[in-house]
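Colleague: I'd like to learn how to read contacts in a model like this one. Can we go through a few together?

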Amino acid sequence: MTVLRPSFFMSRTRDFLPLVLNLPAVILLLAFIAYPIGISFWMSLHRYNLRRPDQVYFHGLENYATILASSEFWNALWISLYFTFMAVLLVIVIAMAIALLLHESFRGRGVVRALLLIPWAIPGVVNGLMWVGLLGDYGAFNAMLEDTVAAVNYLFGINIVYTGMASPFVALNAAIGAHVWRSVPFACIIFLAAIQAIPTEQYRAARVDGATSWNRFRFITLPWLYHAVLVVAIFETMNGFRAFDLIYALTGGGPGDATHVIAWQTYKEAFARLDFGGANAYSYLITLITMTLAIIYIRLLYRRGLVQG
Amino acid sequence: MSGVRQPVKPRMTRRAFLQSSTAAGLGLVAGCNPAPPPGVIFKGWVYEPDLVRENLDYFERQTGIRVDYNAVSGNYHDKMVALHVGGAPMECCYVRDDDFAEWVEAGWLRPCDDLLAADPDTSAATADLFPYNLSSMTYGGKRYGLPYYTDFNIWIYNEPMLEAAGFDTPARTLDELTEQAIKVREARVRTPTGDVIEYPIMLNFRQSVLGFLDWWTLNYASEATLFDEDLNPTFPDDEDRRAETILQWLTDGIHRHRIISPSSLTAGQMRDHVASGRQVYGILNKYDLEYVNNRRNSAAADDELKRRGSDALHAKVYRMAPVPSISPDQHGTLGWTRMYCLTSRCREDRMQDAWALMKFLGARDAEGEYYTARRWFRLRGLGFAYRSLLDDPDIVAQTEQWGEIDKVREQSRHVRPRENIKAPWFPDFKIYYQPEIQKILLGQQSARDGLGKIAQRCRQLIADWS
């Protein structure tokens, strides 16, 4: 029997062909992802203010040092942490509750599932503008809040002055609410997919053992959802830290500095101060913080053995 | 019918796919560096682009010069920064006085002194400019622009509402205004839709790149000087502590007397709020007076004209008055300038054409008329930078339909641009002072402490930029 051996040329072609075929994708990734990431880091190490194009020079980590020494950064960081914590918590709780509901059989479930996706399809700026209308002076939500405050004043004989979006507390929490409203559908789809993957035998066995619905949720559903929770938590943490378009449209950073989230601060550095060195340093700090939080999530859930590797 | 399956013919061969991919790639590369269009490349923000195009069509007919006009949508400053940094071809563009110094410092604008020197007619028109406009278009002793439009802030009051509350003249000082506004609120005057007006005064203290003009307006009305000749801050210890007094008046107006709406910190588009008839007093761009007194836009004007049984277009429901000040002998307001500038990338072979376009838009046309400025005023009420136009019979007649020319003339004598607008650190100042003033208005810090912090930041910026 004759064994056919590939010629040198054929063997080389076979080795390189996959590389050649992947080359366009690799070039695109390098050009549009790796290069901007690299150049932005390089810029973050420079004094690079467009208002002084003649004074661009390398100054190491000074942009980072300046940012870390500024009160604006720490204020923005705390606001972003609060924003992100509340957003992640609310998104997980609300999305899980809706997913559990949508897992049940009822008439019109398909329609409800389709409707659920609408907020997710709305762009961030449009979402912001929509909430401007709802929370503005003549908005429905504003009227509801105003009436609620009036009712509380009447019932308890107190005198809380309702100032709407001019109140820092209302403005920040309204921004969180608008962010959550848009983020819930995505999380809900992930939870729904995870719930549908839970073997029904486990519920049947639990019922036979006399487990209550709460215990079935706690000991069957929730453990099966930890992986989904991790995915949602990481996504929402990143989204929370990057929240900009909503703030831009809804509050403009105000009142005072109540909604000066870190992404808003980055925007101001880049486009109001034209300090591209500082703005890139801000971006890298956001990346670092988000990455740290993601690692913490993964570590916590892995350590507890809740997520299988 | 045969049972033999025919081989599927590929719709596109591998060779054809590779050829078309290569062609598309080459097209993309070519598209990245297109040849600049013929004619003068001119960019501006989106304000009535159809009317701009009409003006340009007229210019093209007059001169035979072609203009490639592009209205830049979205955030004009941010997009233009990207275009300038990217070296996009452009002969001339709109520039706001807010961005003017920044763009000159960045080297994106070209001075036009040489072109003015060679053009005695346009040079002579300089003498006709309001001083604050001329100052706003000059940087480092060099002239960079010709005016697009300009205007100043005015104090407005709703005359029927004031009369309903028992007043026939508006308050002149801030203290009088407090008393008057409290009485207006107590009189429970109503909007055209029948709602009781809770807060008679609404101002614009929303944070924005172009915002907070009302703060400057109130300061200048009281003739406060916020910066010295070297642009060092004089507040909080400026003459008679006027800056502090004004901020305290505002804070008291919101929290103590409840005459100023807290929504002043968040609401945008003041003219729509005014036009809805929900406001007794406020500060408005002068050119918006036409808008709020035009029944097509304004429920307040429409309601008044219906009450009178008139089918006129305008009603002088809102009238202008001197901006209330600390003492009655003080006068002043804030003005701003929007201009046309040549960019530093203006091509040499298009320079004269670009200058002709600038002259047509920002000065006189080929027939010696302030064509564009007059047309903008006629169609949209936009203010103009040329003093002589205040005596133009058409402009006088038109102003009298919705305002009072004498008051416009009087007010235009007291206009000031922001004192530090040409400081290289103005953008840094702008993003710092707005939240700090909002914190004062929210009662989170005292007026003195807030102003002290802003002054401290100014000094730091001066040191950083010197």
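Colleague: Let's start with one side chain. Is B:Tyr287 buried or exposed?

Modeller: Bear in mind that this is a predicted model. For burial you look at relative accessible area, and under 20% counts as buried. B:Tyr287 has 15%, so B:Tyr287 is buried. B:Tyr149 is buried too, with a relative accessible area of 8%.

Colleague: And what kind of aromatic pair do B:Tyr149 and B:Tyr287 make?

Modeller: You need the ring centres and the angle between planes; over 60 degrees is edge-to-face. Here the centres are 5.7 Å apart and the planes stand at 90°, so the pair is edge-to-face. B:Tyr149 belongs to strand 7 of chain B, while B:Tyr287 is in the loop between strand 9 and helix 13, so the pair ties together parts 138 residues apart in sequence.

Colleague: How many aromatic pairs are there over all chains?

Modeller: The search of the whole structure gives 56. Among them is B:Phe100 with B:Tyr139, also edge-to-face, at 6.3 Å centre to centre and 90° between the planes. B:Phe100 sits in helix 4 of chain B and B:Tyr139 in strand 5, 39 residues apart. B:Phe100 has a relative accessible area of 0%, so B:Phe100 is buried.

Colleague: Now salt bridges. Where do the partners B:Asp98 and B:Arg418 lie?

Modeller: For a salt bridge, check the nitrogen-to-oxygen distance against a limit of 4 Å. The closest N and O atoms of B:Asp98 and B:Arg418 are 2.9 Å apart. B:Asp98 is in helix 4 of chain B, and B:Arg418 is in the loop between strand 12 and helix 19, so this pair joins parts 320 residues apart in sequence. Both B:Asp98 and B:Arg418 are buried. Through shared partners, salt bridges connect B:Asp97, B:Asp98, B:Arg338, B:Arg418 and B:Lys430 into one network.

Colleague: Which residue forms a salt bridge with B:Glu91?

Modeller: That's B:Arg347, with the closest N and O atoms 2.7 Å apart. The two sit in distant parts of the chain, 256 residues apart: B:Glu91 in the loop between helix 3 and strand 3, B:Arg347 in the loop between strand 11 and helix 15. B:Glu91 has 0% relative accessibility, so B:Glu91 counts as buried. B:Arg347 is buried as well, at 18%.

Colleague: How many salt bridges are there between chain A and chain B?

Modeller: Four, while the structure holds 45 over all chains. One links A:Arg52 to B:Glu105, with the closest N and O atoms 3.2 Å apart. That pair runs from the loop between strand 1 and strand 2 of chain A to helix 4 of chain B. Accessibility is 13% for A:Arg52, so A:Arg52 is buried, whereas B:Glu105 is partly exposed at 25%. The side chains of A:Glu72 and B:Arg457 also meet across the two chains, at 2.8 Å, N to O.

Colleague: What about the interface as a whole: how much area is buried between the chains?

Modeller: About 2700 Å², with carbon and sulfur atoms giving 52%. On the side of chain A, the residues that lose the most area to chain B are A:Arg51, A:Arg52 and A:Tyr138, together 22% of what that side buries. The contact takes 31 residues from chain A and 32 from chain B. There are also eleven residue pairs in polar contact across the interface. Helix 12 of chain A gives the most to its side, with four residues. By class, that side has 15 nonpolar, nine polar and seven charged residues.

Notes
Residues are numbered from 1 along each chain as its sequence is written. Chains are lettered from A and ligands numbered from 1 in the order in which they are written. This is a predicted model: local features need pLDDT of at least 70, side-chain atom pairs count only at pLDDT 80 or more; totals for chains, interfaces and linings use all residues. Side-chain values use heavy atoms; hydrogens and water are left out. Contact means heavy atoms within 4.5 Å. Buried area is the accessible area (1.4 Å probe) that two parts lose on being put together, summed over both. A polar contact is a pair of N or O atoms within 3.5 Å; within protein, one must be able to donate a hydrogen and the other to accept it, and residues adjacent in sequence count only if both atoms are side-chain atoms. Ala, Val, Leu, Ile, Met, Phe, Trp, Tyr, Cys and Pro count as nonpolar, Asp, Glu, Lys and Arg as charged, and the others, Gly among them, as polar. Buried means under 20% relative accessible area, exposed over 50%, partly exposed in between (1.4 Å probe, protein chains only). Rings of Phe, Tyr and Trp (its six-membered ring) pair if their centres lie within 6.5 Å; planes under 30 degrees apart count as stacked, over 60 as edge-to-face and the rest as tilted.
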